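Here are a few exercises to work through with the structure open beside you. Try each task before you read its solution.

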Amino acid sequence: MRLSWGGCALLLGAVCAGLSGGGAGAMECLYYNVNYEVENTNRSGVERCEGEEDKRLHCYASWRNNSGSIELVKKGCWLDDFNCYDRQECVATEQNPQVFFCCCEGSFCNDKMTHLPDPSRPVIKAPPSSIQVLNMVIYSLLPVSMLSVFLLAAVWMYRHRKPPYGHVDISEDPSPQPASPLLTLKPLQLLEIKARGRFGCVWKAQLLNEFVAVKIFPIQNKESWQNETEVFQTPGMKHQNILRYIGAERRGNHLEAELWIITEFHERGSLSDFLKGNAISWSEMCHIAETMACGLAYLHEDLPRLKGEGHKPAIAHRDFKSKNIILRTDLTAVIGDFGLAVLFEAGKPPGETHGQVGTRRYMAPEVLEGAINFQRDAFLRIDMYAMGLVLWELVSRCKAADGPVDQYLLPFEEEVGQHPSLEDLQEVVVHKKMRPAFKEPWLKHSGLAHICETVEECWDHDAEARLSAGCVEERISQIRRLHPTFTPPTSDLVSTTVTMVTNVDLPPKESSI
């Protein structure tokens, strides 16, 4: 029995591939990066893929087709992805994407890339002649013209009927968001869900060699996605205590569409989740509180034209809570989730300012009773009330005071439980004027006692008497300097509850909003 030279070569290649694939996690891919200068990497070469033992490894390639001219964008290693399983060749199957993407299994399988939208048909490697193109255009004109007339008639009929309540039509989006230029050049891979919220879920994802957070909204929550994207894109929103925005995209079509916001990712997650599992030291508490106040003060500030950017208006968050504060590795706080935020620009209406929005347990008394003055300062003071509750959460988990640290509780959890109704909070916060309890050992510690005074002045029942975020930042900075370290008291105090009622005389304030 005889084998051709081609058959021998194919057999030898298969044997070699099998031997190389036998090593755990041993695979190599061709590497290329068109943005090597900007990203400070090599332009081309070989990348060795490394991963977990139970995970499969792949190679990938991405490119663009500019009028028949192929422009290579990226090549390299790709994480475990079922879309790449058992693919020996790198084949892009999307019909007509902006950036072609393919992945495959096996060392150097990304050497050659192919675009094959219909696998049952052969790949056309040569572009059609000009005569063929002309014929195709002529043959296409008639059905396209008929379709255009039909669509125009359908749109006219649709706009002349009243849509049902709650209907969402993405075709009437006044300002559809284009895909971020940064993202169209880089493949993005969702890894795991990290959180779920009122408007969608947050994924940990990988954008090449960087982990990012992807907040995914269903199309029904388009307004929240649009609002948050607009806030992130407002001039001056780049700040060390504001979550860094990367891009926004619309994925899919019609009612199956998803709306994405991509931001920086922080492994520690939200302040609320961190406090559930960790008690914090005095210095850690001061650092989190000060950077959190710094971020909110910057958000509230109205700034003239910045370097290279336009005017930054004052912004009210309207859903300020520990769940929407993210912690960096060094416990620096960054503020995120601007789906309900309102911009206050001179000469422009602030947009949707419906009164009772946000998370119930963090609602200020004036919000709970629906007595809101729809002015800028009124909304900023609502944020300050919520900041007082978040500061209380920090104090409740601080190890500086004598005795054991209590289990983490949300504000008012002792008073109204985990799922309070609006009526429950109205009774406790508005009518009884109660606030979360301070423990006596906190008040015996000089540093924590000063923080508690600041907390009281943030959640004052009189909105106009509340501190500004800038004042809170200054207060905490000053308290931190006066108490750089702490020595726990030695007295054997029994932890008792002191309920704070805000209709008592309070110490003088440095400044208020």
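Helices here are DSSP runs of H or I with at least four residues, numbered from the N terminus. Keep in mind that this is a predicted model.

**Exercise 1. Find E440, and decide whether it is buried, partly exposed or exposed.**

Step 1: Look for the element. E440 sits in helix 12, which covers residues 440-444.

Step 2: Bring in the cut-offs. Buried means under 20% relative accessible area and exposed means over 50%, with partly exposed in between.

Step 3: Apply them. E440 has a relative accessibility of 26%, so it counts as partly exposed.

Step 4: Check a distance. D402 is 38 residues away from E440 in sequence, and their C-alpha atoms are 9.7 Å apart.

**Exercise 2. Work out how far you can trust the model, using pLDDT for the chain and its elements.**

Step 1: Start with the whole chain. Its mean pLDDT is 79, and 76% of the residues reach 70 or more.

Step 2: Go to the extremes among the elements. Strand 15 (residues 333-335) has the highest mean pLDDT, 98, while strand 18 (residues 497-498) has the lowest, 36.

Step 3: Mark the weak stretches. Residues 121-127 have pLDDT below 50, and this stretch makes 5 contacts beyond near neighbours in sequence. Residues 487-512 also stay under 50, with 54 contacts in the model beyond four places in sequence.

**Exercise 3. Sum up the chain: how many helices and strands does it have, and what share of its residues is buried?**

Step 1: Count the elements. You should get 14 helices and 18 strands.

Step 2: Turn to burial. Of the 513 residues, 43% are buried.

Step 3: Look at the surface. The chain exposes about 28400 Å², and carbon and sulfur atoms supply 54% of that.

Step 4: Sort the contacts. Of those between residues at least 6 apart in sequence, 64% join residues at least 24 apart.

**Exercise 4. Trace the open sheet of 5 strands and say which strands stand at its edges.**

Step 1: Write down the order. The strands run 2-1-4-3-6, with antiparallel pairing.

Step 2: Pick out the edges. Strand 2 (44-49) and strand 6 (100-104) each have a single partner strand, so one side of each is left without a neighbour in the sheet.

Step 3: Add the twist, which averages 30° from one strand to the next.

Step 4: Zoom in on one pair. Strand 3 (residues 58-66) and strand 6 are antiparallel and joined by 5 bridges. One place to look is C59, whose bridge partner in strand 6 is C104.

**Exercise 5. Follow the chain of pairings from strand 8 through strand 9 and strand 10 to strand 12.**

Step 1: Strand 8 (residues 188-196) pairs antiparallel with strand 9 over 7 bridges. The two form a hairpin with 4 residues between them, and R196 stands opposite C201.

Step 2: Strand 9 (residues 201-207) runs antiparallel to strand 10 (residues 210-218), again with 7 bridges. In this pair C201 faces I216, and V202 has K215 as its bridge partner.

Step 3: Check the turn. This hairpin has 2 residues between its strands, and L208 in the turn has a positive phi of about 55°.

Step 4: Strand 10 goes on to pair antiparallel with strand 12 (residues 258-264) over 7 bridges, where F217 stands opposite L259.

Step 5: Ask how covered strand 9 is. Of its 7 residues, 5 are buried.

Technical notes. Residues are numbered from 1 along each chain as its sequence is written. This is a predicted model: local features need pLDDT of at least 70, side-chain atom pairs count only at pLDDT 80 or more; totals for chains, interfaces and linings use all residues. Side-chain values use heavy atoms; hydrogens and water are left out. pLDDT is the predictor's confidence in each residue, from 0 to 100. Contact means heavy atoms within 4.5 Å. Buried means under 20% relative accessible area, exposed over 50%, partly exposed in between (1.4 Å probe, protein chains only). Accessible areas come from the Shrake-Rupley method with a 1.4 Å probe; for residues, only the protein chains shown count as cover. Two strands pair if DSSP finds at least two bridges between them. Axes are lines fitted to C-alpha atoms, for helices over the stretch in contact, and angles run from 0 to 180 degrees between N-to-C directions.
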